[in-house]
Amino acid sequence: MISQIDADVEYILDLIRAYATDEVPKDAKSKVTPEQILRTIGGNIQLRPKKELFEAFLRRVDEKTYIERAANGFDVREEWRALVDEEYERRLDALIQEERLKPAETRRFVRSVIHRARLGDNPAYLVTGNGTDVDKILPPVSIFAKKGPNRMEVSRRVIAKLRRFVELFAGVKRPDDDL
């Protein structure tokens, strides 16, 4: 079964392929432009949080000339997956370092949340302060610290960052890619 977000991503990737190869899609009257692609993304509530990934992908496509793409057998889906994988790793590593999170536990947690989001759960509701899941990934912080952030402040900040991260990658990063 294909989810709605999968279908939406596939459609955007088809538009990007048409743009990269100067084709006119079957359902269009003219060639596709990056502006049209970004407007389509902006008009889709599920894709809006992923807009910056698509913008990065369009920049990557623009960096290669048509001749380079044709000579190297340009595969838009393969290139997309490579970009998503690179961005996922780069951003997750930065989040782990920035917040001093426990790496293995954080990766396991994020992988689980993205998997559950892929099954239809709303990503924003999957990362909460309820339970002990977030507590397991947090660095040691005093509960009653008088100087610096206390555990509650750190927890809220990490939850907000994790939500943004999961919303960005849910539906475009497959959990089995990270196993």
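Helices (H or I, at least four residues) and strands (E, at least two) are taken here as DSSP runs, numbered from the N terminus. By that count, the protein has nine helices and zero strands, and its elements run α-α-α-α-α-α-α-α-α from the N terminus on. This is a predicted model, in which local features need pLDDT of at least 70 and side-chain atom pairs count only at pLDDT 80 or more, while totals for chains, interfaces and linings use all residues. Residues are numbered from 1 along each chain as its sequence is written, and side-chain values use heavy atoms, with hydrogens and water left out.

How sure is the predictor? On pLDDT, its confidence in each residue from 0 to 100, the protein averages 83, and 82% of the residues score at least 70. Among the elements, helix α5 (residues 76–99) has the highest mean, 95, and helix α4 (residues 66–71) the lowest, 64. Where pLDDT is low, the predicted coordinates should not be read in detail.

Of the 179 residues, 39% count as buried (under 20% relative accessible area, with exposed over 50% and partly exposed in between, using a 1.4 Å probe and protein chains only). Contact means heavy atoms within 4.5 Å; among contacts between residues at least 6 apart in sequence, 65% join residues at least 24 apart.

Just past α5 comes a small oddity. Arg100 sits in the loop between α5 and α6, and its phi is near 55°, a positive value in a residue other than glycine. Most residues other than glycine have a negative phi. Arg100 counts as exposed because its relative accessibility is 54%.

Now for helix α9 (residues 151–169). Its 19 residues should span 27 Å at 1.5 Å a residue, and the end C-alpha atoms are indeed 27 Å apart, so the two agree; the expected span is 1.5 Å times one less than the number of residues. Buried residues in α9 include Val154, Val158, Lys161 and Leu168. After α9 comes Gly171, with a positive phi near 90°.

Helix α9 also packs against helix α6 (residues 103–118): Phe109, Val110, Val113 and Ile114 in α6 meet Leu162, Phe165, Val166 and Phe169 in α9. Those four α9 residues are buried too. The two axes, lines fitted to C-alpha atoms over the stretch in contact, with angles from 0 to 180 degrees between N-to-C directions, come within 10 Å and cross at roughly 50°. The pair is therefore oblique, the class left after roughly parallel (under 35 degrees), roughly antiparallel (over 145) and roughly perpendicular (65 to 115). The crossing is right-handed, meaning that the near helix is turned clockwise from the far one by less than a right angle.

Key
pLDDT = per-residue confidence, 0-100.
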